[in-house]
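Visitor: I would like a close look at a single part of this protein. Please take one residue as the starting point and work outward from there.

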Amino acid sequence: MEYLSIVMFVAVCLVLMAGYPVAYSLAGTSLVFASIGIVTGHFDGAYLGALPNRIYGIMINQTLLAVPLFVLMGVMLEKSQVAEKLLTSMGQVMGQVKGGLAIAVVMVGMLLAASTGIVGATVVTMGLLSLPTMLKRGYSASFATGTICATGTLGQIIPPSIALVLLGDVLSSAYQQAQVKMGIFSPDTVSVGDLFAGAIVPGLILVSCYLLYVFLMSWLNPNTINQAAANEAADEASPLAKVALLQALIPPLMLIFAVLGSILLGLATPTEAAGVGAFGATLLAFIQGKMSKQVMADVVQTTLKITCMVFMILIGASVFSLVFRGFGGEDLIHELFNNMPGGAFGAMLVVMLVVFLLGFILDFIEITFVVVPIVGPVLLAMGFDPVWLGIMFAVNLQTSFLTPPFGFALFYLRGVAPESVATKDIYRGVAPYIAIQLVVLMTLAIWPSLVTWLPDQIYK
């Protein structure tokens, strides 16, 4: 009976690969297997009786309320053209530096990641704004596209990230389950704020590695940049450009401090900070003269669509997890992990590999809601730190976003890149950044304190 849960998981992946909507694939496939199990006597229908309470719990979850607010903040910043002003100003100031435009792309991408937390929007925005300019100034297509794709995925790990909000909620439940199984009936908790704090150092390490790679390639590899064309931008730099850069930097930096700073300083919960961020982004758009009835309508509609998608997937995932548990899948996973060669290390290695491979065909939302609730309690019961585990999941998923042939960031950029840019150029360009992310992932595995040190200092 337990193996039916594995068959159901494989069936869900196949249905998703066939192109059916995620939420309905999760719920529909699970209910089909539940019906078969009830008929054959292998599934207790009473499990489905818990579904209304689960859906109600999702609707009143205060942590998940941060999702639509962060989405609204990101979409509003996109409409207020913060990225365009930042990129233009920083590109002018960095024009005299070899590889300066690529460095500007990484820095602006980092700020966008910390402001919006939406991977797709960042990749598309940076692709539309910076790719034509980079190609015009002599950057090779592979180097330019790889830098944009990798920078766009920083929204996965740099807080405030929607991915970390969702991971925080799921890991909190998984951590409590793990502690109850270990006989701890006054369990500790892990919050979204813990994950935000834990992600700061790894995020900065990743950005530093990107910048180092860009700098080295710009100086050591003459094929990366046609310097004669790149130098055309040198004359654009002026004292006025530096003033424009400062003016473009101040609003997003203030917004980042208001949102992230209030969480880390303990002044606000992530949900409250998300409300501040949404209000701040709206105020910023109004001050910059980008606010209109049409813009507001577009922002609200986009926010509603993304929020409905997230919550429908969460409801579908709840159905899946109930049926999976009803088939005894949780006990099967626990038994498999405990008997796995290498113990806890072997189990962690297998989970990371599976998550990486699933990242080819599933979005981070599906993996967060489907896979993490299954493997999370088992891994946490083995003694892994919940904050470290969450950041390892996030960095791993970020890597899968870049990996050909199914990386989502590649599809986003392919959709907005000029026809002169070949798909093979995009694939070739992201390869070094994938290697960088894998090195960072291994570094975090060897030195978990890189993740846990800051949360311990803030929340001890």
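In which helix is the place of Val372? Please start there, then follow the contacts into the rest of the model.

Guide: Keep in mind that this is a predicted model. Val372 has its place in helix 17, which covers residues 364–381. Its relative accessible area is 2%. Buried means under 20%, so Val372 counts as buried.

Now the surroundings of Val372. Setting aside residues within four places in sequence, Val372 is in contact with Leu167, Val170, Leu171, Ile367, Pro377 and Phe393. Take Leu167 from that list. Val372 and Leu167 are 205 residues apart in sequence. In space, their C-alpha atoms are 8.2 Å apart.

Those contacts lead to helix 9, made of residues 162–181. Helix 9 has 20 residues. From its first C-alpha to its last it reaches 29 Å. That is close to the 28 Å expected at 1.5 Å a residue. Helix 9 is mostly covered, with 15 of its 20 residues buried. After helix 9 comes Gly183, with a positive phi near 85°.

Gly168 is a good residue to pick within helix 9. Its relative accessible area is 3%. The cut-off for buried is under 20%, so Gly168 is buried. Not counting residues up to four places away in sequence, Gly168 touches Val190, Val192 and Leu195. Val190 lies 22 residues from Gly168 in sequence. The C-alpha to C-alpha distance between Gly168 and Val190 is 7.2 Å.

Next, two threonines. Thr399 has its place in helix 18, residues 386–402. Thr399 is buried, at a relative accessible area of 0%. Beyond its neighbours up to four places away in sequence, Thr399 touches Phe356, Ile434, Gln437 and Leu438.

Thr147 is found in helix 8, residues 141–152. Thr147 also has 0% relative accessibility and counts as buried. Its side chain makes a polar contact with the side chain of Tyr433, at 2.7 Å. Tyr433 is also among the residues that Thr147 touches, again not counting those up to four places away in sequence. The others in that list are Ala102, Val105, Val106 and Val214.

Helix 20 deserves a stop for its charged pair. This helix runs over residues 423–446. Side chains of opposite charge can pair when their charged atoms come close. Here the side chains of Arg428 and Asp425 meet in a salt bridge, with 3.0 Å from N to O. Both residues lie in helix 20, three residues apart, or about one turn of the helix. Their exposure can be set side by side. Arg428 is partly exposed, with a relative accessible area of 46%. Asp425 has 13% relative accessibility, under the 20% limit, so Asp425 counts as buried. A search of the whole structure finds one salt bridge.

Now toward the surface. Gln301 lies in helix 14, residues 293–326. Gln301 has 47% relative accessibility. That value falls between the 20% and 50% limits, so Gln301 counts as partly exposed. Gln301 and Leu72 are 229 residues apart in sequence. Their C-alpha atoms are 9.7 Å apart in space.

Helix 1 is the last stop, with residues 3–17. Met17 is found there. Met17 has 54% relative accessibility. Exposed means over 50%, so Met17 counts as exposed. Met17 is also part of a nonpolar patch on the surface, together with Tyr3, Ile6, Val10 and Leu14. Together these residues have about 520 Å² of accessible area.

Finally, the whole chain as a frame for Val372. The protein has 21 helices and zero strands. Of its 460 residues, 55% are buried. About 19300 Å² of the protein is exposed, and carbon and sulfur atoms supply 68% of that. Consider the contacts between residues at least 6 apart in sequence. Of these, 82% join residues at least 24 apart. Back at the start, Val372 and Leu167 are in contact, with their positions 205 residues apart in sequence given as their separation.

Definitions and conventions:
Residues are numbered from 1 along each chain as its sequence is written. This is a predicted model: local features need pLDDT of at least 70, side-chain atom pairs count only at pLDDT 80 or more; totals for chains, interfaces and linings use all residues. Side-chain values use heavy atoms; hydrogens and water are left out. Helices (H or I, at least four residues) and strands (E, at least two) are DSSP runs, numbered from the N terminus. Buried means under 20% relative accessible area, exposed over 50%, partly exposed in between (1.4 Å probe, protein chains only). Contact means heavy atoms within 4.5 Å. Patches are made of residues with over 30% relative accessible area and no salt bridge: like charges are joined within 9 Å, nonpolar side chains (Val, Leu, Ile, Met, Phe, Trp, Tyr) within 5 Å. Accessible areas come from the Shrake-Rupley method with a 1.4 Å probe; for residues, only the protein chains shown count as cover. A salt bridge is a side-chain nitrogen of Lys or Arg within 4 Å of a carboxyl oxygen of Asp or Glu. The expected span of a helix is 1.5 Å times one less than its number of residues. A polar contact is a pair of N or O atoms within 3.5 Å; within protein, one must be able to donate a hydrogen and the other to accept it, and residues adjacent in sequence count only if both atoms are side-chain atoms.
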